[in-house]
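Hi everyone, thanks for making room for me today. Let's have a look at this one together and walk through it piece by piece.

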Amino acid sequence: MVARLLSLVKSCIGMATLTVSSRSLTVSADDKNTQNEPILDNEMELEAEENHPSDEHSSTTHVYKRRWIIILLYCLYAMTNSYQWIHLNIIGNIVIKYYRESLPDDKFQRETTLDWLSMIYMIVYIPLVFPGTFLLKKKGVRVCLVAGAFLNALGAWLKVACVSPDRFPVLMFAQTVCALAQIFTLGLPAKIAAVWFGPNEVSTATSIGIFGFQIGVAIGFLVPPIVIPNSESLDDIGSHLNIMFYAGAGFMTFLFILVVIIFKERPPKPPSRAQMLATQRVQEEHYGKTLRNLFKNVGFDLLVVTFGVNTGCYYAISTLLNPIVLESFPGHEKTAGQIGLTIVLAGVAGSVVAGIWLDRTRTYKGTTLGIYLFSLAGMLIFTFTLRLELIWVVFLCAGIFGFFMTGYLPVCFEFGAEITYPESEGISSALLNESAELFGIIFTIGCRAMMNKVGTFGLNLLISGALFLGSICTGFIKADYRRQNAEKKILRQLDDAIEINVTNTVSEKTRMTETTD
């Protein structure tokens with residue numbers, strides 16, 4: 001889930017700079033003299049928009065105050081949908097106890113059935129991500145968000161109807177509906193930012209939208225263990241499930257109504273000309289050609305595998321956090337939720353630090369490999385210290401785990417953008433996420449089986465081994481920084497164009513002086 005969110009950040013980074021510049025500045029040496037003047041005009045206009053965002057006073061562009069309400073609505077929706085992803089697995093032992101009569105008798109099958117409450121989000125994403133993206137392009141932001149908010153609320157109300165020990169299949173159907181809701185809206189933050197926000201606010205707006213997902217996961221870890229007691233009375237558990245489900249359904253229905261009434265497709269006037277051009281480029285993406293080019297890129301193929309391994313391990317740990325903690329600390333359901341919260345919060349910090357580091361160094365491969373190795377080290381520390389049964393050590397290791405594993409995500413997306421430029425970043429991100437979902441399912445099932453056979457120690461060794469192999473594969477990825485090379489080429493072309501313009505201006509003034517004399 002976190003990977004799918006952070007992949008959206010890069011959809012908007014640089015939309016008003018490199019994207020537009022590369023379209024307007026790529027000229028051949030033979031026709032520089034005929035094209036350098038409009039090149040400079042376009043670049044100066046875009047630079048003026050970026051450095052002096054005065055679109056509010058333009059007759060064709062305007063930045064509206066309503067934009068903050070729009071992004072807040074999306075943020076709240078994202079929060080509720082990601083909350084529903086993990087809020088049942090973090091109290092998995094209680095869910096199994098309550099729905100025991102409608103679950104398989106075999107222990108492994110029963111626990112794996114529970115895991116599918118989380119994995120259904122992953123399995124639904126794999127076949128439907130590209131149709132969801134296509135729908136966003138054809139029908140727009142409002143249709144997708146309304147559809148997503150409706151399915152989200154519908155899934156929440158179906159959960160209200162499943163509060164009975166014999167209705168686990170209804171619960172699974174409700175969770176599937178919630179999983180379908182994510183397909184319509186995961187690609188919206190960058191789109192909303194481009195349509196509603198000025199060029200100096202695009203990254204901030206996208207980050208706010210994605211922050212909603214992270215807050216939802218944090219709440220999903222923290223709240224259910226507090227609300228649902230591990231009681232011996234099924235009636236007591238059922239009554240508290242009712243409270244949690246009714247509260248969630250009521251809030252999500254209220255949010256759906258707000259989306260229908262308030263959310264608009266786009267402002268009357270666009271926020272900037274640069275965003276208009278950047279959005280037009282997205283509309284011109286050719287899926288088939290881009291996919292062929294990406295699959296022919298060996299470095300990207302390796303990155304898809306290594307990204308899937310790393311993020312799949314993260315998904316497996318998040319899904320199985322409840323049994324992992326309870327094996328060493330029986331009865332500590334609330335502690336398991338707090339450890340999950342620690343992972344999320346440390347991950348937010350890791351993403352910020354990784355972004356700042358990349359902006360300053362632009363060492364994509366070195367940073368990717370370094371974070372991969374630190375993730376491996378953190379997992380090994382967690383593996384060999386969990387047996388000490390010191391809860392503060394578990395919290396510390398969870399923080400390290402979350403910091404580096406989540407910090408790896410934006411770095412990997414940017415590394416992918418570098419080695420696949422100028423292919424669509426949206427499509428490359430989708431392929432990376434497809435790999436993450438697939439490996440997430442494989443590792444979750446494999447780790448559950450390992451846990452049942454040899455315990456948590458075997459599970460942690462499996463994760464550590466996978467991260468070790470992923471680190472080796474990462475070392476074989478060639479540091480082919482195509483986007484950086486394109487930026488340098490654009491700057492050289494701009495310098496040449498400026499030099500030509502200055503030379504032509506001096507020559508014109510000289511001729512005018514000679515004519516006057």
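Let me begin with one residue: Leu396 is partly exposed, because its relative accessible area is 47%, and partly exposed covers the range between 20% and 50%. Please keep in mind that this is a predicted model. Leu396 sits in helix H18, and together with Leu388, Leu390 and Trp392 it makes a nonpolar surface patch of about 430 Å².

Now, that helix has another side to its story. H18, spanning residues 391-420, gives the most to the largest nonpolar core, with 14 residues. The core itself has 126 residues. Which residues have the most contacts inside it? They are Tyr99, Ile192, Leu241 and Phe245.

Let's zoom in on Phe245. Leaving aside neighbours within four places in sequence, Phe245 touches His87, Leu88, Tyr99, Ala156, Lys159, Val160, Cys162, Val163 and Leu171. So Tyr99 turns up again, as a contact of Phe245.

Next, helix H15, residues 321-328: is it mostly covered or mostly open? Mostly covered, as seven of its eight residues are buried. Among them are Leu321, Pro323, Ile324 and Val325, and also Asn322 and Ser328.

Finally, how far does the predictor trust all this? The chain has a mean pLDDT of 80, with 79% of residues at 70 or more. Of its elements, helix H11 (residues 234-262) has the highest mean, 94, while helix H2 (residues 18-25) has the lowest, 37. Over residues 11-58 pLDDT stays under 50, and for that stretch the model has 78 contacts beyond four places in sequence.

Notes
Residues numbered from 1 in each chain as written. Predicted model: local features only at pLDDT ≥ 70, side-chain atom pairs only at ≥ 80, totals over all residues. Heavy atoms only, no water. Core = buried A, V, L, I, M, F, W, Y, C linked by side-chain atoms within 4.5 Å. Buried < 20%, exposed > 50% of the residue type's maximum accessible area, 1.4 Å probe, protein only. Helix = DSSP H or I, 4+ residues; strand = E, 2+ residues; numbered from the N terminus. Contact = heavy atoms within 4.5 Å. Patch = residues over 30% accessible without salt bridge, like charges linked within 9 Å, V, L, I, M, F, W, Y side chains within 5 Å. Areas by Shrake-Rupley, 256 points an atom, 1.4 Å probe, with all protein chains shown as cover. Salt bridge = Lys/Arg side-chain N within 4 Å of Asp/Glu carboxyl O. pLDDT = per-residue confidence, 0-100.
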